[in-house]
Structures are given as structure tokens and as C-alpha cells.
Amino acid sequence: MVLLNRIYTKTGDDGTTALGTGERRPKYDLRIESYGTVDETNAAIGVVRLHTADMPDLDAMLGRIQNDLFDLGADLAVPERDGKAERLRVVASQVERLERDIDALNDKLAPLTSFVLPGGTPAAAHLHVARTICRRAERVIVELAARPGEQVSAAGIHYMNRLSDFLFVASRAANGNGAGDVLWVPGQNR
């Protein structure tokens with residue numbers, strides 16, 4: 001259980017923030033950037049959900065994803081350390097559930113004949129925004145994982161990679177299972 005009875009603490013006034021371990025890092029630190037961009041992805045999905053009331057299955061999937069993204073933020077906020085008790089981590093079963101959701105949505109989609117431009121319904125357009133933020137979060141997390149001494153769970157990286165795929169497929173589902181996709185026409189404006 002999380003208890004938040006005070007929103008401002010003033011501890012970040014010096015330009016640092018605390019990880020879940022209590023260690024303080026500059027607010028521009030790549031670990032802070034990684035879970036901050038995961039949070040941004042989550043917020044974008046929250047906006048998508050303003051437009052999915054008439055798509056209860058998709059909305060439920062997005063709700064589960066929002067919870068998973070909080071798990072990933074907690075995972076990133078508490079770096080793995082040798083000899084320390086494990087904290088909340090994203091696990092393979094979360095990635096596998098996301099893959100099943102992708103497959104379920106994709107089974108109903110018309111085959112693609114071109115790249116898809118962001119657009120269509122409001123839900124689809126916002127899903128594309130969430131997808132691009134998710135891709136940025138993935139890049140930051142992978143960069144963090146490549147740094148010496150920085151531990152990042154493999155399942156967390158896998159989750160973000162699958163999530164961007166999910167968001168793409170979900171955008172097509174929100175566009176009438178692909179019928180309302182806006183397709184790229186190469187060289188159309190030459």
C-alpha cells in the first residue's frame with residue numbers, strides 16, 4: 001500500500017530526486033528520464049482511454065497496461081543490487097499477456113498494403129502519440145541498460161518493445177479494424 005499524505009516535500013528543490021533505494025540522483029539522470037518517459041507513456045494512454053468507452057475490450061487492455069507501466073516505473077526506480085532483496089519487477093508473464101492481446105487484436109485486422117499514417121479516429125490518433133512516446137521510453141531504457149553499473153530488467157525492455165507493437169495494432173483496431181486507417185502514399189505530393 002502506498003500512502004501519500006504530503007505531495008510536496010521540498011527535497012527536490014536542489015535539483016535531485018530519490019530513487020526507491022533512497023539514493024539521490026540529479027533530475028536529469030538517465031534512470032529518472034527512463035521512468036519519467038514511462039510515466040509520460042502512461043499519461044498518453046490515459047488520454048486514449050477518454051475515447052475507448054465504446055470499445056470495452058480494448059479499454060480493459062489499456063487499463064491493465066497502465067497498471068503494468070506503474071510496475072515498470074517502480075522496477076526502474078529501484079535498481080537491482082547484488083545481495084539486496086528483490087523489489088517489484090516486471091515479469092515475463094506480463095510480456096506474454098501483452099503478446100496475447102496483440103494477437104487477439106491483430107486477428108481481426110485487414111492486412112496492410114502500405115504504412116499507416118497517424119490519424120483516423122481520436123482513439124487511433126492518440127494511440128499513435130502513445131506509441132511514439134513508448135518508443136522514446138524504450139530508447140532511453142535501452143541506453144540506461146547499456147551504461148556500466150546500471151541494471152535494467154530484461155522483461156522491462158521486452159515489455160516496452162511489445163507495448164509499442166500493441167499500441168500500433170490497437171490504433172488499427174480503433175480505426176474500425178483497419179478500415180479507417182490513413183495510409184501513406186509514397187511521393188503523393190511531388
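# A tour starting at the end of helix 5

Select Gly176 first: just after helix 5, this residue takes a positive phi of about 65 degrees. Keep in mind that the model is predicted.

**Helix 5.** Step back and select residues 154-174, which form helix 5. Set a distance between the C-alpha atoms at its two ends: they are 30 Å apart. At 1.5 Å a residue, 21 residues should span 30 Å, so the two values agree.

**The core.** Now select Leu62, Ile65, Tyr159, Met160, Leu163, Phe166 and Leu167. These residues have the most contacts inside the largest nonpolar core, which has 43 residues. Helix 1 (30-48), helix 2 (56-77), helix 3 (92-106), helix 4 (122-146) and helix 5 each supply at least two residues of this core.

Zoom in on Leu62. Leaving aside residues up to four places away in sequence, Leu62 touches Ile45, Val48, Arg49, Thr52, Leu127, Phe166 and Leu167.

**Helix 2 against helix 5.** Show these two helices alone. Their axes are 12 Å apart, and the helices pack at an angle of about 160 degrees. Angles over 145 degrees count as roughly antiparallel, so helix 2 and helix 5 are roughly antiparallel to each other. The crossing of helix 2 and helix 5 is left-handed.

Turn on side chains at this contact. From helix 2, select Leu58, Met61, Leu62, Ile65, Asp68, Leu69 and Leu72. They meet Gly156, Tyr159, Met160, Leu163, Phe166, Leu167, Ala170 and Ala174 in helix 5.

**Helix 3 against helix 5.** Swap helix 2 for helix 3. The axes of helix 3 and helix 5 come within 9 Å and cross at roughly 15 degrees. Angles under 35 degrees count as roughly parallel, so helix 3 and helix 5 are roughly parallel to each other. Helix 3 passes helix 5 in a left-handed crossing.

On the helix 3 side of this contact, pick out residues including Val95, Leu98, Ile102 and Leu105. On the helix 5 side, the residues include Tyr159, Leu163, Phe166 and Val169. Charged residues take part too, among them Arg97, Glu99 and Asp101 in helix 3 and Arg162 and Asp165 in helix 5.

Stay in helix 3 and select Arg100. Is Arg100 buried or exposed? Its relative accessibility is 51%, so Arg100 counts as exposed. Add Arg172: the two arginines are 72 residues apart in sequence and 16 Å apart in space, C-alpha to C-alpha.

**Helix 1.** Next, select residues 30-48. The 19 residues of helix 1 should span 27 Å at 1.5 Å a residue, and the end C-alpha atoms are 27 Å apart, which agrees. Color the buried residues of helix 1: Leu30, Arg31, Ile32, Ser34, Tyr35, Thr37, Val38, Thr41, Asn42, Ala44, Ile45 and Val48. What do they pack against? Their partners are strand 1 (16-18), strand 2 (24-26), helix 2, helix 4 and helix 5.

**His126.** Move to helix 4 and select His126. His126 has a relative accessible area of 28%, so it is partly exposed. Not counting residues up to four places away in sequence, His126 touches Val47, Val48 and His51. Leu109 is 17 residues from His126 in sequence and 19 Å away in space, C-alpha to C-alpha.

**The whole chain.** Zoom out. The protein chain has five helices and four strands, in the order β-β-α-α-α-β-α-α-β. Its C-alpha trace spans about 50 × 40 × 30 Å along its principal axes. Of its 190 residues, 42% count as buried. Take the contacts between residues at least 6 apart in sequence: 72% of them join residues at least 24 apart.

Technical notes:
Residues numbered from 1 in each chain as written. Predicted model: local features only at pLDDT ≥ 70, side-chain atom pairs only at ≥ 80, totals over all residues. Heavy atoms only, no water. Expected span 1.5 Å × (residues − 1). Core = buried A, V, L, I, M, F, W, Y, C linked by side-chain atoms within 4.5 Å. Buried < 20%, exposed > 50% of the residue type's maximum accessible area, 1.4 Å probe, protein only. Contact = heavy atoms within 4.5 Å. Axes fitted to C-alpha atoms, helices over the stretch in contact; angles between N-to-C directions. Parallel < 35°, antiparallel > 145°, perpendicular 65-115°, else oblique. Left-handed = near helix turned anticlockwise from the far one by under 90°.
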